[in-house]
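Me: I am new to this structure and would like a close look at a single part of it. Could you choose one element, go through it carefully, and then place it among its surroundings?

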Amino acid sequence: MTAGELVLVGLAGGIGATCRFVVETLVRRRWLGVMPWGTIVVNVSGSLLIGGLAAACADGALGSQAYAVAAVGFCGGYTTFSAAMMDTVRLAQVGATGRAVLNACGTLALTCTAAAFGWAVVAAVL
């Protein structure tokens, strides 16, 4: 990876993190409650995008440098495993053990499904 590509990945990561903040804030304002819906929406939508990008890269429709900028940079800054796990810990700490398990397992299932769906949609179009 060249220095220029590394800079682009970093810039894309900053843009992704900014988008995550905006999306999480909008979702949190809309859906109040115990479950961390903002983090879930961000991680599922980011996984959908990563799946689509991976399919485009595998097909040759997207170059490896562009994939690195979009998937590693933007999606890496946008999605957040650490926040999902902190949300799970917070739920467990307040005694919402069932919701904590649902958050951890549900997030895993939803993000894997979203990535597979993103791949399938893009692969079908290409």
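Reply: Let us begin with helix α5 (residues 97-125), in what is a predicted model. At 1.5 Å a residue, the 29 residues of α5 should span 42 Å, and because its end C-alpha atoms are 42 Å apart, the expected and the computed values agree. Along this helix, Ala100, Asn103, Gly106, Thr107, Thr111, Ala114 and Gly118 are buried, and the partners against which the buried residues of α5 pack are α2 and α4 (81-93). The UniProt record, in an unreviewed entry, places the feature "transmembrane region" at residues 101-125, and also at 6-23, 35-55 and 67-89.

To see where α5 belongs, it helps to step back to the whole chain. The protein chain has five helices and zero strands, so that, read from the N terminus on, its elements run α-α-α-α-α. Its C-alpha trace spans about 50 × 30 × 25 Å along the principal axes. Of the 126 residues in the chain, 34% are buried, while about 7300 Å² of surface is exposed, with carbon and sulfur atoms supplying 72% of that area. Among contacts with a separation of 6 or more, 71% join residues that are 24 or more positions apart.

Helix α1 (residues 3-30) can be read in the manner used for α5. It has 28 residues and reaches 41 Å from its first C-alpha to its last, which is close to the 40 Å expected at 1.5 Å a residue. Its buried residues are Val9, Ala12, Gly13, Gly16, Glu24, Thr25 and Val27, and these pack against α2 (37-59) and α3. Helix α2 is thus named as a packing partner for the buried residues of α1 and also for those of α5.

Two of the spans in the UniProt record can be followed in the model as well. Residues 6-23 are 100% helix and 0% strand, with end C-alpha atoms that lie 25 Å apart. Over residues 35-55, the chain is 90% helix and 0% strand, and there the end C-alpha atoms are 31 Å apart.

Within α1, glutamate 5 gives a view at the level of a single residue. Its side chain reaches the backbone nitrogen of threonine 2 at 3.0 Å, and, leaving aside residues up to four places away in sequence, glutamate 5 touches Gln65 and Val69. Its C-alpha atom is separated by 33 Å from that of aspartate 87, a residue 82 positions away along the chain.

Helix α3 (residues 64-78) holds one further detail, which concerns phenylalanine 74 and tyrosine 78. A search of the whole structure finds one aromatic pair, and it is formed by phenylalanine 74 and tyrosine 78, which are stacked at 5.7 Å centre to centre with 15 degrees between the planes. Because these two residues are four apart in α3, they are separated by about one helical turn. Their surroundings can be described one at a time: phenylalanine 74 has 22% relative accessibility and therefore counts as partly exposed, whereas tyrosine 78, with a relative accessible area of 9%, is buried.

Technical notes
Residues numbered from 1 in each chain as written. Predicted model: local features only at pLDDT ≥ 70, side-chain atom pairs only at ≥ 80, totals over all residues. Heavy atoms only, no water. UniProt positions renumbered as here; feature names shortened; annotations may be inferred. Phe/Tyr/Trp six-rings, centres within 6.5 Å; stacked < 30°, edge-to-face > 60°. Buried < 20%, exposed > 50% of the residue type's maximum accessible area, 1.4 Å probe, protein only. Contact = heavy atoms within 4.5 Å. Polar contact = N/O pair within 3.5 Å; in protein donor to acceptor, adjacent residues only side chain to side chain. Areas by Shrake-Rupley, 256 points an atom, 1.4 Å probe, with all protein chains shown as cover. Expected span 1.5 Å × (residues − 1).
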